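Let's take a walk through this structure, one spot at a time. Have a look at the view below, then read on.

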Amino acid sequence: MKSGLEDVVAAETVLSDVDGLAGRLVIRGASLDDLVGRATYAQVLARLLDGMFDDLPDTASLERQLGAARVRVFPHLAAVDPAILELGPVEALRALMARIPDGEDFETALLLLAAPAVFTPGLVRLRQGSSPVPPDPALSQAADILLMMSGELPVAGQVAALDAYLVTVSDHGLNASTFAARVVASTRAGLVSAALAALGALKGPLHGGAPGPVLDMLDAIGTPDRAEDWIEAALDRGDRLMGFGHRIYRVRDPRADALKGAVEALARAGKVEVERVVLAQAVETAALNILRKRKPDRALDTNVEFYTALLLDALGFPRDAFTCVFAIGRMSGWVAHAREQILTGRLIRPQSLYVGPQPEQRRVG
Ligand code: ACO
């Protein structure tokens, strides 16, 4: 057996298809390239949730109800105490999300979709010693997140960049966190329990915890001329380069290009330093050349996390909260997959292959 379950098909889904050889991501019948920059987060959410709840409203009402749900979860930030603030942002987010009553209904889904969008900026501000900014239910999810982060209305280019990010990470096949969500949902524990399991899986650096370390790498490299030597030394030490490689993609992750486009648009709007983009491109080129030379048999390419780091940094999120922002976008996929699993009515319970010792034969008589 393969301990990473690679090539094992463990669920049927209508939600998304990851084609690792073609470098293509389909979200419920639409190619990612056709969605990013054209569809809003709320539209993609409506696409994913279609048929998953009997009482799902049309997209405009969904956006309004999501705004109202942000207002309903905001009071939970009052529960943040010094012990929660001492935790890392993902653990603090997990603690606050655990306050939402569990259930399998649309109301629970709305609160869950709103929760990380409200708690992430609130926690960032509380950690910085400022007060949380209340949500504005009339704004889009992306615009409201940026308002709650900075206290100021964002400009259109910033909203478009965050919307592009949330759409890009909305769903991605049976990745580790989504699988975790489906397993928990299959026990009928509820959507909150499923989302908490998923968030725990997302935290790891081999999954959603990579973009902060990508930024650390760019800072450590500093200037384009140092990229090759730094990368060679890191690989000599046996380190993995964050933002490169993927279990499924054997070519470039299509999400990397979607986010690279969003970063370049922000740079044109003067919201990212041009030197930062030049450095990232030099590091990416050097990393790909060196990885190809060192691992000729294993196609290692840029993944979603590389340009995520630049994008979220430019939008003012601190690097240790990047995984929380990932959770805001991926919550749509977690909820949709959890509901899809619940609707199958089937408990997920695979088998293990026992390779331990057998009990000694007991003497009888
Ligand atoms: N840097 C250096 N070497 C790498 C990298 C990397 N980023 N990724 C894989 N390799 C090497 C491995 O060391 C291994 O070499 P070996 O055969 O000599 O031991 C070989 O390539 C194959 O790697 P696997 O571990 O089989 O690849 P797997 O499919 O398990 O890994 C993963 C996928 C975890 C994403 C890996 O590429 C990695 O660690 N990347 C860095 C972390 C990262 O960017 N995580 C975000 C992923 S995207 C997401 O989940 C949202």
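## Rings inside, charges outside

Start with Phe 244, which counts as buried because its relative accessibility is 10%, under the 20% that marks the limit for a buried residue. Keep in mind as you go that this is a predicted model.

What does Phe 244 pair up with? Its partner is Phe 306: the ring centres sit 5.2 Å apart and the planes meet at 50°, so this pair is called tilted. Phe 244 is found in the loop between α12 and α13, while Phe 306 belongs to helix α15 (residues 304–314), so the two rings tie together parts that are 62 residues apart in sequence.

Now hop over to Phe 306. With a relative accessibility of 0%, Phe 306 counts as buried too. Phe 306 also pairs with Tyr 307; here the centres are 5.1 Å apart and the planes stand at 85°, so the pair is edge-to-face. Tyr 307 is buried, just as Phe 306 is. Put these pairs together and you get a cluster of Phe 244, Phe 306 and Tyr 307, linked ring to ring. In the whole structure there are three aromatic pairs.

Next, go back to the loop between α12 (227–236) and α13 (254–268), where you'll also find Arg 250. Is Arg 250 buried or partly exposed? Arg 250 has a relative accessible area of 31%, so it's partly exposed. That value also fits the surface patches, because their residues need over 30%. Arg 250 joins Arg 240, Lys 295 and Arg 298 in forming a positive surface patch.

Methods. Residues numbered from 1 in each chain as written. Predicted model: local features only at pLDDT ≥ 70, side-chain atom pairs only at ≥ 80, totals over all residues. Heavy atoms only, no water. Patch = residues over 30% accessible without salt bridge, like charges linked within 9 Å, V, L, I, M, F, W, Y side chains within 5 Å. Areas by Shrake-Rupley, 256 points an atom, 1.4 Å probe, with all protein chains shown as cover. Salt bridge = Lys/Arg side-chain N within 4 Å of Asp/Glu carboxyl O. Lys, Arg positive; Asp, Glu negative; His and termini not counted. Charge placed at Lys NZ, Arg CZ, Asp CG, Glu CD. Helix = DSSP H or I, 4+ residues; strand = E, 2+ residues; numbered from the N terminus. Buried < 20%, exposed > 50% of the residue type's maximum accessible area, 1.4 Å probe, protein only. Phe/Tyr/Trp six-rings, centres within 6.5 Å; stacked < 30°, edge-to-face > 60°.
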